[in-house]
Amino acid sequence: SSGINAEYGGFGTAFFLRVLAGEPVLKYNAVLKYPYYQEPGVPDAYGDIPEYGFQRFPFRILCMVLNMLITLAVSFAFRMLFTKVPSLQKHDYLGAIKDYEEAEFKEDFQKGGKKNESNL
């Protein structure tokens with residue numbers, strides 16, 4: 001239904017957190033330091049002195065889980081918002097409601113094409 005809006009929200013947030021976490025392979029330090037962050041220039045447990053800091057916290061998993069939760073929450077919120085307040089459907093710039101209505105029509109058509117007469 002409103003998955004397009006939710007996917008942009010979830011992906012954008014996860015991407016933002018992932019970029020801020022830094023990456024030694026790409027040679028930039030973290031702006032957002034999760035717990036157990038290894039500072040650059042400080043000897044680690046093996047006596048090596050890293051040139052770039054790195055995260056010991058499983059932040060990639062955290063970003064993935066946050067992406068999923070944000071996608072579900074935003075999808076639910078947009079679906080409720082657009083179905084409960086029809087006047088806001090004009091602000092559906094990504095066409096999520098149109099796709100939802102087309103899916104309902106196809107489902108109804110596959111069931112025999114007849115509307116329930118009690119709804120009329």
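The expected span of a helix is 1.5 Å times one less than its number of residues. Helix 2 of this predicted model can be set against that rule. With 26 residues, helix 2 should span 38 Å, and the C-alpha atoms at its two ends are 37 Å apart, which agrees with the expectation.

The protein as a whole contains 3 helices and 0 strands. Read from the N terminus, its elements follow the order α-α-α. Of the 120 residues in the protein, 21% are buried. The accessible surface amounts to about 9000 Å², and carbon and sulfur atoms contribute 63% of that area. Among contacts in the protein with a separation of 6 or more, 46% are between residues 24 or more positions apart.

Aromatic rings were considered next. The structure holds 3 aromatic pairs. One of them joins Tyr34 and Phe57, whose rings are stacked, with 5.7 Å from centre to centre and 15 degrees between the planes. This pair links distant parts of the chain, since both Tyr34 and Phe57 lie in the loop between helix 1 (3–20) and helix 2 (59–84) and are 23 residues apart. Tyr34 has a relative accessible area of 12% and is therefore buried, because buried means under 20%. Phe57, by contrast, has a relative accessibility of 25% and counts as partly exposed.

Tyr34 also pairs with Phe59: the ring centres are 5.8 Å apart and the planes meet at 15 degrees, so this pair is stacked. Here too distant parts of the chain are linked, with Tyr34 in the loop between helix 1 and helix 2, Phe59 in helix 2, and 25 residues from one to the other. Phe59 is buried, at 4% relative accessibility. Through such ring pairs, Tyr34, Phe57 and Phe59 are joined into a cluster.

Two members of this cluster recur in the nonpolar interior. In soluble globular proteins, nonpolar side chains tend to be buried together. The largest nonpolar core of this model consists of 5 residues, namely Leu17, Ala21, Tyr34, Phe59 and Cys63. Phe59 and Cys63 are also among the buried residues of helix 2, together with Thr71, Ser75 and Phe82. An α-helix has 3.6 residues a turn, so residues three or four places apart point the same way. When neighbours within four places in sequence are left aside, the contacts of Cys63 are Ala14, Leu17, Arg18 and Tyr34. Of these partners, Leu17 and Tyr34 belong to the core described above.

Charged side chains were examined in turn. Side chains of opposite charge can pair when their charged atoms come close. Across the whole structure, 3 salt bridges are found. In one of them, the side chains of Arg18 and Glu23 meet at 3.0 Å, N to O. Arg18 is partly exposed, with a relative accessible area of 26%, whereas Glu23 is buried, at 11% relative accessibility. Glu23 also forms a salt bridge with Arg60, at 3.1 Å, N to O. That bridge links distant parts of the chain: Glu23 is in the loop between helix 1 and helix 2, and Arg60 is in helix 2, 37 residues apart. Arg60 is partly exposed, having a relative accessible area of 46%. Arg18, Glu23 and Arg60 are thus linked in a network of salt bridges.

Another salt bridge brings together the side chains of Glu39 and Lys33, at 3.3 Å, N to O. Both ends of this bridge are partly exposed: Glu39 has a relative accessible area of 35%, and Lys33 has one of 44%.

A further aromatic residue, Tyr36, is found in the loop between helix 1 and helix 2. Tyr36 is exposed, because its relative accessible area of 64% is over 50%. Although Tyr36 and Phe57 are 21 residues apart in sequence, their C-alpha atoms are 6.0 Å apart in space. Apart from neighbours within four places in sequence, Tyr36 is in contact with Phe54, Arg56 and Phe57. Phe57 therefore touches Tyr36 and is stacked with Tyr34.

Conventions:
Residues numbered from 1 in each chain as written. Predicted model: local features only at pLDDT ≥ 70, side-chain atom pairs only at ≥ 80, totals over all residues. Heavy atoms only, no water. Phe/Tyr/Trp six-rings, centres within 6.5 Å; stacked < 30°, edge-to-face > 60°. Helix = DSSP H or I, 4+ residues; strand = E, 2+ residues; numbered from the N terminus. Buried < 20%, exposed > 50% of the residue type's maximum accessible area, 1.4 Å probe, protein only. Core = buried A, V, L, I, M, F, W, Y, C linked by side-chain atoms within 4.5 Å. Contact = heavy atoms within 4.5 Å. Areas by Shrake-Rupley, 256 points an atom, 1.4 Å probe, with all protein chains shown as cover. Salt bridge = Lys/Arg side-chain N within 4 Å of Asp/Glu carboxyl O.
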